[in-house]
Every structure is written in structure tokens, then in C-alpha cells.
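Hi everyone, and thanks for coming. Please have a look at the picture before I start, and then we'll walk through it together.

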Amino acid sequence: MPDSLAPLLKQYFGYDTFRPLQREIMEATLAARDTLAILPTGAGKSLCFQLPALARDGLTLVVSPLIALMKDQVDALTASGVPATLLNSSISGEEARLRRAGLDQGEYKLLYAAPERIMTDGFIQDLQRWNVRLIAVDEAHCISEWGHDFRPEYRQLAQLRTHLPEVPLLALTATATTQVRDDIARQLHLHQPARFLASFNRPNLGYTVVPKHQAIRQVFEFIRERPTESGIVYVQSRNSAENFAAALAAEGIKAVAYHAGLTPETRAANQDAFIRDEARVVCATIAFGMGIDKPDVRFVIHADLPKNIEGYYQETGRAGRDGLPAECLLLFSRGDLIRNLKFLDSMTDPKAAEIAARQMRQMADFAEGTECRRVAMLDYFGEQWPGDNCGGCDVCLQPRETWDATTQAQMLLSCLIRIQQHSGFSTGLNHVVEILAGADTEKIRKWGHQQLSTYGIGRDTPRTEWAALGRQLIRLGLINLSPDTYQTLSLSASGREALLKRSPVLLTRAPLPAASASTAKVSRAANLPCDEPLFDELRTLRKRLADDRGVPPYVIFGDLSLRQMARRYPRNDAEFLAIPGVGKQKLADFGELFMREIERWLASHEPQAFPLDEAPPRPAPKMKSEGSINSSGLETLRLFKTGKTALEIAALRNLSRGTIAGHLAQAIVSGQLKLEPGDFYSPAEEQLIDQAAAEHGHQRLGPLHEALGGQITYDKLHIYRAFKQLAEKSAPGTG
């Protein structure tokens with residue numbers, strides 16, 4: 001059966017190659033193994049159960065959480081010639097009876113159903129009769145209380161193991177921490193599952209964070225510059241969703257709102273308008289998204305701060321599912337964090353509130369951070385980005401100004417010492433800032449803090465700058481933050497050492513709010529070049545055909561397919577079938593219509609010539625150039641030079657070992673760390689790496705780590721590559 005996968009892929013879905021891990025996942029399920037697959041949005045999770053369903057006898061049951069998502073996938077499969085159906089509350093009694101009869105006759109290869117429907121009386125008995133050969137649990141993180149979309153009804157799915165003990169399970173999700181992955185396997189009773197974990201990196205997405213001010217105006221200006229693109233604007237409240245949609249509509253942008261306060265009918269109508277390209281923008285709370293299979297979302301804007309990094313990753317992942325470039329813009333205000341934290345006051349579970357608060361602060365740290373956005377996000381999921389410059393985020397494309405903050409850091413750190421000595425307790429950052437600014441507040445008078453030697457020594461510096469400085473010192477590990485809700489400050493061991501030795505402290509400045517409108521452009525990437533006027537004509541034809549069939553436009557063809565048509569100008573069946581996304585069914589249904597449109601266009605226009613590249617790649621990851629090591633890296637370097645090991649620094653600064661290794665690698669390449677390979681790994685280990693690098697190269701660490709069977713840690717491979725890059729830079733003729 002695995003031998004038939006590639007021909008079926010082309011016949012039904014129109015592609016010649018698999019995406020990473022797709023084939024391996026399919027082969028595991030065809031071998032009847034329980035399987036857990038973590039693939040990012042846009043990596044082709046659905047194909048992992050759709051294609052094998054065509055290669056095996058019997059029925060594949062797909063557990064899906066949302067009606068809209070089921071309908072979209074069944075529509076797309078039907079358009080590709082795949083016999084698929086769904087059973088849910090949107091189907092009339094007579095239609096459900098006909099579909100059940102078809103299932104009794106073995107007419108379908110895939111059946112979509114929600115967990116609630118599966119657990120109703122008699123449904124499991126039906127499944128036993130319908131020859132189910134695989135159960136695919138989509139959005140599997142919903143089964144875990146640790147996941148961001150927990151759904152209690154998913155817990156009942158474990159009963160399927162009792163009633164269908166011989167049927168393997170495939171659990172799929174786009175995002176899951178180690179804790180959630182283990183919980184999925186446990187809750188579904190997976191038996192020694194094959195585990196597949198793809199990279200969480202979405203190379204076609206650009207990430208930009210800008211200071212938030214006049215958010216509606218910022219969002220409008222961003223969207224106005226993209227007049228043909230569709231996107232999502234995420235906000236925290238229902239009122240904001242309504243206000244943003246109304247403001248954009250008043251400016252002539254077709255926008256709709258989506259939130260839990262709307263009637264089900266209005267929500268469904270607005271979602272449908274967005275999916276069918278009748279509304280260009282949807283302004284939504286997090287209630288919107290999981291059921292969206294629209295591949296041509298070109299931007300996702302967070303006008304408010306998300307509550308955790310995992311949710312942010314999931315929501316930005318709804319952009320660019322077709323693999324073409326897309327943009328993710330986050331408008332950040334410290335006030336958003338304070339507002340989010342206040343919501344926790346009403347929580348009755350202290351442990352849950354503490355976890356939520358920690359996740360909120362992690363999200364704020366990400367937004368305020370000075371390291372590559374991609375590095376920071378992947379680090380959260382335990383993945384290491386090979387380098388420190390992704391070429392596709394605001395930090396990497398517009399490096400921050402570095403400044404010597406030693407004097408100001410000494411003032412703030414000294415103030416913490418003076419408060420502790422005077423009062424015997426610690427305070428929060430705001431109070432420290434008030435002391436430095438020489439404020440006359442009730443708390444300062446009550447505790448006698450106007451008597452401190454540090455009182456008023458920073459009155460010439462704006463309080464917002466003192467607060468930003470304090471937060472950077474916290475992220476650098478010079479200041480500890482108490483884990484309780486009071487968030488009091490105290491000097492860490494490294495902060496005390498920096499204060500006593502007057503160690504240099506280099507920090508970075510965030511861009512000014514006034515620059516935010518233009519800053520939002522920095523992560524833009526060129527789209528796949530094509531004959532743009534012809535592309536617009538093909539989009540018009542696609543929309544007309546979609547409306548006639550009552551399906552979203554992308555069910556006919558995705559943007560990638562249309563752009564390739566507008567690059568290659570196919571004029572016969574063989575040329576049209578060579579377009580990505582064109583299978584035999586779509587050739588039969590639409591080939592003549594689209595080729596006729598292309599012929600009509602060429603009758604009055606000259607064809608354009610385009611390079612052979614399939615897509616415009618973003619810049620490859622690279623190490624930062626000499627002198628561009630960021631402030632976080634400089635702090636790691638300072639601690640390393642005091643004799644601390646990488647492991648000690650990671651623990652001290654609450655950063656991953658991979659991040660610390662990346663900092664040291666930067667320092668080696670830039671010449672700021674004069675050491676030898678033997679300081680990090682043994683001659684025997686170096687020989688092993690040399691042998692693997694001779695075949696796989698040293699630029700990409702993933703293949704190198706895999707070739708070594710995991711014998712050498714990523715930390716050491718980071719350092720190995722850095723020494724190689726240093727040697728290459730120093731070689732004669734390389735400048």
C-alpha cells in the first residue's frame with residue numbers, strides 16, 4: 001500500500017512530492033501503528049489521513065471539533081474526487097439517512113464526525129459495522145487540560161479503544177508542548193505510538209511587533225496597503241471586535257465581526273462571508289479560528305496582547321497555510337498585560353491563576369524581547385533555530401540600537417538594595433520607579449523611602465524608560481521577580497555581582513511609537529512572481545465557479561495554483577496537470593474553463609517570463625555579524641567570562657541551554673570569545689562530528705544531529721558550527 005501513495009497524491013491532490021514527515025506518518029498508520037503527529041498549521045496534517053484512506057480498504061473516521069471545519073474539508077475532498085461525507089447536526093434527517101445507507105454500502109472512504117456525535121447511542125455500533133480501519137483525531141490538543149482549547153467531550157474518545165480495539169489511532173495537532181503531547185497519548189490510550197514532531201518553524205511567516213498607539217488607525221493603515229489581501233484581526237473583547245469591524249467598514253474595507261456574543265446564525269454568516277471572499281477582514285476574539293481552513297489568509301494582526309505564546313502561535317499559524325508569504329503583526333502595550341492580569345483576580349483556582357499569570361508574562365516578554373522572534377518562539381516549544389537571525393522578523397530586519405546602560409542599571413540595582421536594607425521587604429517595579437523619579441506618593445511617605453540615598457536620582461529620566469530598563473534587567477536575570485501575584489523585585493546573584501563589580505550593562509532600545517506605522521512593513525516578503533493582471537482574472541473566474549457550486553473559492557483552486565497558472569500559461573491537459581494542486585478530477589472539472597481564460601488573455605497580452613524558482617524563499621538563517629551580538633547575548637558572555645558554565649548560566653538566567661549555546665556561538669564567530677574547540681567538546685566528539693559534517697555539511701544542525709544518532713547535543717553542534725564559520729571567515733581570500 002505505501003507504494004501507491006505517490007501516484008494517489010498526484011491523481012487526487014495534484015502534487016508530486018510530500019511535505020516533511022507526511023509520508024513517514026502515513027506509512028506508520030498503514031502499518032496499523034498508533035501514531036502521534038505534531039505538525040504546524042500549513043504543514044499538511046489533513047493529508048496524513050486523507051491520502052492513506054484511499055490506499056487502504058474500509059473507512060477512515062475523522063474526529064473533528066467544528067461543523068464548519070468538517071464541511072470545508074468534505075467539500076474540498078469531493079471537489080478532488082475523494083468519496084467523503086460527514087454526519088452532524090447540520091444534516092437533515094433524510095440526508096443523514098441517505099448518508100448512513102451509503103456508509104452501509106461502503107461508498108465512502110472518509111467519515112467526519114464530532115466527538116459528541118460519536119458517543120451517542122448506537123453510533124459506535126454503526127462504526128463497528130462500517131469497517132473502520134483508522135481513527136484520526138484532529139486538533140488532538142483539545143483532549144488535554146494543559147492544551148489551549150481544552151474540550152471535555154474529547155475525553156470520551158478513549159472509549160473507542162474498548163469498542164474498536166484493533167483499529168489504530170492517529171492523533172494530530174499543530175501545537176503542543178511536551179506536557180500536552182504526553183497527555184494526548186495517555187488520554188487516548190495510545191499503545192507505544194510512533195511519534196513525529198515536525199519543526200514548529202513557519203518559514204513563510206514574517207513576525208513584527210510594534211508599540212501600540214491608536215490601534216484602530218494602525219490596523220487600518222496596515223490593511224489599506226494590502227488592498228487585495230484577506231486577513232484576521234484578533235482582539236480580546238467583543239466590543240473591540242465590533243468597533244474594529246465598524247471602523248474598517250466605514251473606511252471602505254469589507255470587514256465583519258466574530259465573537260461568542262453574536263447569534264449562531266450571525267457568526268456562521270460572517271464566517272462564511274470571510275471564507276467565500278465576500279468579506280476581506282474578520283475582526284474576532286479567540287472564539288474564531290480553529291474551524292478555519294482558508295489557506296490564503298495573508299495577514300494576522302493581534303491588536304491586543306494574546307494571553308499566552310501557544311495561543312499566539314496557533315493564531316498566527318492561520319496565515320499563509322498555502323505556503324506563500326504572509327505577515328503577523330502584534331501591537332504591544334504594557335497596559336494590555338496589566339489588564340489581562342486583572343482578569344485573574346476573579347479566578348477561584350489559585351494554581352490555575354498562577355499558571356495563567358506566568359504565561360501572560362512570557363507573552364509580554366516575547367513582545368518586549370530583543371532577540372529574534374523566531375528564535376524566541378521556537379525556544380518556547382523546545383526547538384532550536386540554527387542561527388540568531390531569521391531574516392523574517394522586525395528584530396532581524398531592523399536591528400535595535402544598543403546603548404550603555406551601566407550607570408542607569410547601577411542606580412536601579414542600588415535602589416533595590418536600599419529598599420531592602422531600609423524596610424526589610426521588597427517592592428514592585430512601579431514603586432522602585434517612583435523612588436528613582438522622586439515622586440511624592442502615599443507609599444513613599446508611609447515607608448519613609450524619601451530618605452533613601454537613591455530617592456530622586458533618576459528624576460531626569462522619564463518613568464517609562466525606568467520601567468522598560470527594569471523589565472530588561474529582569475529578562476537578563478539581574479533581577480529576580482517573585483512568583484506570586486505581588487511581583488516584588490530582588491537582586492539575583494548575577495545582579496549583585498554586576499552591582500559590586502560595576503560590570504558593563506548593554507541594552508537595546510525599542511522603536512519609538514511614532515515609527516510604528518512604517519515599522520509594520522519590515523517583515524513583508526515578496527509573493528510568488530506571476531502575471532498579476534492574469535492572476536486577478538483567474539481569481540474572478542474562481543470566485544464565479546465557487547459561488548455556482550456553493551463552496552469557498554479555495555476549494556476550486558488555491559492561490560498557489562492560480563499563481564502558477566499565471567506564470568506557466570498552461571495550454572493543454574498535460575501542462576495543466578503539471579500545475580501544483582491540479583489532479584485528474586480538477587483537470588476534468590475546471591481545466592477547459594481556466595485554459596480558455598488563459599488563451600483569451602494571451603490573445604491580447606504578451607506572456608511574461610519568470611524564473612524557475614517555485615517560491616520566493618525568505619533569507620536563510622544566519623549568525624549575526626561581528627559586533628551585532630544583542631544585549632542578552634552580551635550578558636551570557638559576561639557570565640561565561642566569570643567562569644560559569646553554560647548549564648549554570650541557563651539555570652541562572654532561566655533560559656534554555658540552546659539559547660545560551662547560541663549566544664556563545666555568536667561570541668565565537670564575532671571574535672568576542674577567544675577559546676578553542678577543546679573547551680567545549682573532546683577530540684573524539686569532534687572527529688565524530690567531522691565525519692557526519694563531511695556528508696551532511698555543518699550549516700543545518702537538524703540533519704547533522706540526526707546523522708549522529710543524537711550522540712552529540714545541539715549545544716555542542718552550535719559551538720562546532722561557530723568554530724567552522726570563524727575558520728571560513730578567517731580563511732585567505734574571504735575578507
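Let me begin with what I mean by helices and strands: they are DSSP runs, H or I with at least four residues for a helix and E with at least two for a strand, numbered from the N terminus. Counted that way, the protein chain has 34 helices and 17 strands. Please keep in mind that this is a predicted model, where local features need pLDDT of at least 70 and side-chain atom pairs count only at pLDDT 80 or more, while totals for chains, interfaces and linings use all residues. Residues are numbered from 1 along each chain as its sequence is written, and side-chain values use heavy atoms, with hydrogens and water left out.

Now the overall picture. Of the 735 residues in the protein chain, 55% are buried (under 20% relative accessible area; exposed is over 50% and partly exposed is in between, with a 1.4 Å probe and protein chains only). Next, contacts, meaning heavy atoms within 4.5 Å. Among contacts in the protein chain with a separation of 6 or more, 74% are between residues 24 or more positions apart.

On to the sheets. Strands of a sheet pair through backbone hydrogen bonds, either parallel or antiparallel. Here, two strands pair if DSSP finds at least two bridges between them. One open sheet has seven strands in the order S3-S4-S2-S5-S6-S1-S7, with parallel pairing. Which strands stand at the edges? They are S3 (84-87) and S7 (194-197); each has a single partner strand, so one side of each is left without a neighbour in the sheet. From one strand to the next, the twist averages 20°. For angles like the ones coming up, axes are lines fitted to C-alpha atoms, for helices over the stretch in contact, and the angles run from 0 to 180 degrees between N-to-C directions.

Inside this sheet, S5 (residues 132-137) and S6 (residues 169-173) pair in the parallel sense over three bridges. There, Ile 135 stands opposite Leu 169 in S6. Helix H5 (residues 93-104) packs on the sheet and touches S2 (59-63), S3 and S4 (110-113), with its direction at about 130° to that of S3. Helix H9 (residues 178-187) lies across S1 (35-38), S6 and S7, running at about 150° to S7.

Is helix H3 (residues 47-55) enclosed or open? Nine of its nine residues are buried, so H3 is largely enclosed by the rest of the structure. The buried residues of H3 include Phe 49, Gln 50 and Pro 52.

There is also an open sheet of six strands, ordered S8-S13-S12-S9-S11-S10, again with parallel pairing. Its edges are S8 (205-211) and S10 (255-258), each with a single partner strand, so one side of each has no neighbour in the sheet. The twist in this sheet averages 15° from one strand to the next. S10 and S11 (residues 281-284) run parallel and are joined by four bridges. One of the residues to find there is Val 256, whose bridge partner in S11 is Val 282. Helix H12 (residues 264-275) packs on this sheet, touching S9 (230-234), S10, S11 and S12 (297-302), and its direction makes about 140° with that of S10.

Let's turn to helix pairs. Two packed helices are described by the angle between their axes and the distance between the axes. The axes of H10 (residues 215-224) and H11 (residues 238-250) come within 10 Å and cross at roughly 50°. That makes H10 oblique to H11 (under 35 degrees is roughly parallel, over 145 roughly antiparallel, 65 to 115 roughly perpendicular, and the rest oblique). Where they meet, Ala 215, Ile 216, Val 219, Phe 220 and Ile 223 in H10 touch Asn 243, Phe 244, Ala 247 and Leu 248 in H11. By class, that contact has eight nonpolar, one polar and no charged residues. In these classes, Ala, Val, Leu, Ile, Met, Phe, Trp, Tyr, Cys and Pro count as nonpolar, Asp, Glu, Lys and Arg as charged, and the others, Gly among them, as polar.

Finally, H19 (residues 429-437) and H21 pack at an angle of about 130°, with their axes 9 Å apart. H19 and H21 are therefore oblique to each other. Their contact brings Leu 429, Val 433, Glu 434, Leu 436 and Ala 437 in H19 to Arg 463, Trp 466, Ala 467, Gly 470 and Arg 471 in H21. Those residues divide into six nonpolar, one polar and three charged. Thanks for listening!
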